[in-house]
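Reader: I am new to this structure and would like to understand the words used to describe it. Could you take me through them with care?

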Amino acid sequence: MKFKVNDSCISCGMCAGSCPEVFHMADSGMAEAIPDDVAPELEESAKDAMNNCPAGAIEEA
Ligand code: SF4
């Protein structure tokens, strides 16, 4: 499973705070997901970040 952040990101930082293994804040100020498959043990945390994103900016890639 992979994730990506779309242009709707409002730079709140929540995903990077709750699941830093997968999401980080890029120099652009918007979040980015790692390009690789998410390790199975991190999938639930990454999905929670996706579901809790206030802008709906995280998608399964
Ligand atoms: S939680 Fe959503 S809006 Fe907030 S930084 Fe992450 S992708 Fe952007």
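Author: What follows is a short exchange about contacts, exposure and the ligand. This is a predicted model, in which local features need pLDDT of at least 70 and side-chain atom pairs count only at pLDDT 80 or more, while totals for chains, interfaces and linings use all residues. Residues are numbered from 1 along each chain as its sequence is written, and side-chain values use heavy atoms, with hydrogens and water left out.

Reader: Why is the contact of Lys4 with Glu59 called a salt bridge?

Author: A salt bridge requires a side-chain nitrogen of Lys or Arg within 4 Å of a carboxyl oxygen of Asp or Glu. The closest N and O atoms of Lys4 and Glu59 are 3.7 Å apart, so the pair meets that definition. By this rule the count comes to one salt bridge.

Reader: What makes Lys4 partly exposed, and what makes Asp7 exposed?

Author: Buried means under 20% relative accessible area, exposed over 50%, and partly exposed in between, using a 1.4 Å probe and protein chains only. Lys4 has 41% relative accessibility and therefore counts as partly exposed, as does Glu59 at 28%, whereas Asp7, at 72%, is exposed.

Reader: How do you know which classes of residue make up the shell around the ligand?

Author: Ala, Val, Leu, Ile, Met, Phe, Trp, Tyr, Cys and Pro count as nonpolar, Asp, Glu, Lys and Arg as charged, and the others, Gly among them, as polar. Sorted in this way, the shell has eleven nonpolar, two polar and no charged residues.
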